[in-house]
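Here are some exercises to help you find your way around a new structure. Try each task with the model in view, then follow the worked solution.

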Amino acid sequence: MTSTHRLPPSGTQCLLSARPTPTDRIPFADLAAMTREVREEVEASFAQVLDSGRFIGGEVVERFEQDWAAHCRTAHAVGVANGTDALQLALRGLGIGPGDEVVVPANTFVATAEAVVLAGATPRFADVGPDTLLLTAATLEAALTPRTRAVVVVHLYGQIADMDAIARVAAASGLAVVEDAAQAHGAVWRGRPAGSLGDVGCFSFYPGKNLGAFGDAGAVVTDDADLAHRIRCTRDHGRAQGSHHEHPFLGTNSRMDALQAAVLSAKLPRLAAWTSARQLRAEQYRTELSGGPVRLVDDASGGGHVYHLLVARVHARDRVRSALDQAGIETGLHYPRPCHLQLPYTGCADGALPVTEQAAGEILSLPMFPHLTAEQVTRVCDQLQEIVAAAVDADVA
Ligand SMILES: Cc1ncc(COP(=O)(O)O)c(C=O)c1O
């Protein structure tokens, strides 16, 4: 592909003729339109919470927990303070702690590994498959040791990992299966939703997530009544339910607040439409980029990918990213330094994890949000293809 862009070799600025005005900029994500859709409803719910004086827990939180459990098709949902706590409390609830190892994909947000350490256990990093960049049965198997007690499967970018194959390895080794579904609200695998496929599912409702609060929040979902009970107690200082002064568990403070639950309840009925809008734009990206120099991370979900992130893999990623920025297109990186190469996790992998390490230098998250327009996607695709082709030409010359 020939290009009108002159993209010089690394270290120099991209020469683009005119910088776009701020109004032409395409954001990486835009929460404002979603907020506008729910604003009136949220304000009415906030008024009710203010009148009730129940700011933590209470009816509003319980209603959201019921609705979220129904959405995930699990028997229980427990609202907590954030996604990291959801993972930590799930692991603790499963009895995982000091002396135990937990397999975690190296290609994830660092919180997945952090939660293992906060539970007192040791993360052991696994590589990922080259097409989806998700944990696979083979990469899980390669990371097992006699001390492995659990695996945290991360449904990164919004796509569920191959849970059938992973469940077979987990069952053969007696591992508990925890789903990190922080990026996969409503994602589906063979007809079953994220969070319902392992022993326990963990969600983040950080504002930028597909279902996002107006602050931090998270949830744990499970069919296991005892586990749900332990997590309910643990999130509230280990307090016995129904008894204010009995603390039979070592707990923490990780309660969901009512204002966040009110936001989540207002947004939940719109999640399916917002997900369809993301899927439509993802389809457009795939069509417009096909045959060109830009490769997208595969969608192997059979329609169940919820596209929290739309991730490309490109040559000369950092130069391409800054050229896109100059062209008024914002992008993200998820994640440019794998967990096993972060300082606190030195020694938690058996040497190099080549697929993760190569991907870390190539991945580029393109604009993706429900109110992204078809015209914006076309502009991103045109610019991206031109810039990547120029980068390839410059490096070949
Ligand atoms: C894959 C993954 N796991 C865990 C988390 C942690 O969630 P939180 O930020 O709500 O603690 C996130 C959130 O960014 C995430 O993307």
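**Exercise 1.** Find which residues lie nearest the centre of the second largest pocket in this predicted model.

*Solution.*
- Step 1: Start with the lining, which is made up of 16 residues. Nearest the centre of the second largest pocket are Arg54, Gly57, Gly58, Arg235 and Asp236.
- Step 2: Look for the element that gives the most to this lining: helix 2, with three residues.
- Step 3: Sort the lining of the second largest pocket by class, and you get eight charged, four polar and four nonpolar residues.
- Step 4: For the volume of the second largest pocket, the value is about 340 Å³.

**Exercise 2.** Work out which residues of helix 7 are buried, and what covers them.

*Solution.*
- Step 1: Select helix 7, residues 225-234.
- Step 2: Pick out its buried residues, which are Leu227, Ala228, Ile231, Arg232, Cys233 and Thr234.
- Step 3: Recall a rule that helps in reading such a list: an α-helix has 3.6 residues a turn, so residues three or four places apart point the same way.
- Step 4: Now look at the cover over the buried residues of helix 7. It includes two helices, helix 2 (59-72) and helix 3 (83-93), along with strand 1 (76-80), strand 8 (200-204) and strand 9 (218-222).
- Step 5: Finish at the start of helix 7, where a side-chain oxygen of Asp224 comes to within 3.0 Å of the backbone nitrogen of Asp226.

**Exercise 3.** Describe how the chain is divided into domains, and what each gives to the lining of the largest pocket.

*Solution.*
- Step 1: Mark domain 1 as 22-30 + 271-396 and domain 2 as 34-269.
- Step 2: Look at the contact between them, to which domain 1 gives 36 residues and domain 2 gives 42 residues.
- Step 3: Taken over C-alpha atoms, the centres of domain 1 and domain 2 are 26 Å apart.
- Step 4: Turn to the largest pocket, with its volume of about 560 Å³. Its lining has 33 residues, and those closest to the centre are Gln183, Tyr206, Lys209, His308 and Tyr335.
- Step 5: Domain 1 and domain 2 each supply at least three residues to the lining of the largest pocket.
- Step 6: Among the elements, helix 3 has the largest share of this lining, with three residues.
- Step 7: By class, the lining of the largest pocket holds 18 nonpolar, ten polar and five charged residues.

**Exercise 4.** Decide whether Asn107 is buried or exposed, and trace what its side chain reaches.

*Solution.*
- Step 1: Locate Asn107 in the loop between strand 2 (101-105) and helix 4.
- Step 2: Compare its relative accessible area, 8%, with the cut-off: buried means under 20%, so Asn107 is buried.
- Step 3: Follow the side chain of Asn107 to the backbone oxygen of Leu133, at 3.1 Å.
- Step 4: Find the polar contact of 3.5 Å that joins the side chains of Asn107 and Tyr157.
- Step 5: Beyond its neighbours within four places in sequence, Asn107 has further contacts to check, including Val128, Leu156, Tyr335 and Thr356.

**Exercise 5.** Find how many cavities of 30 Å³ or more the whole structure has.

*Solution.*
- Step 1: A search of the whole structure gives one.
- Step 2: The largest cavity holds about 50 Å³ of space.
- Step 3: Go through the residues that line the largest cavity, among them Tyr157, Gln159, Arg286, Asp298 and His305.
- Step 4: Sorted by class, this lining has seven nonpolar, two polar and two charged residues.

Conventions
Residues numbered from 1 in each chain as written. Predicted model: local features only at pLDDT ≥ 70, side-chain atom pairs only at ≥ 80, totals over all residues. Heavy atoms only, no water. Buried < 20%, exposed > 50% of the residue type's maximum accessible area, 1.4 Å probe, protein only. Helix = DSSP H or I, 4+ residues; strand = E, 2+ residues; numbered from the N terminus. Contact = heavy atoms within 4.5 Å. Polar contact = N/O pair within 3.5 Å; in protein donor to acceptor, adjacent residues only side chain to side chain. 1 Å grid on protein atoms, 1.4 Å probe; cavity = no way out; pocket = protein on both sides within 12 Å on 5 of 7 lines; lining within 4 Å. Points joined across faces, edges and corners; volume = space filled by probe spheres on them. Nonpolar A, V, L, I, M, F, W, Y, C, P; charged D, E, K, R; others polar. Domains from an automatic or database assignment.
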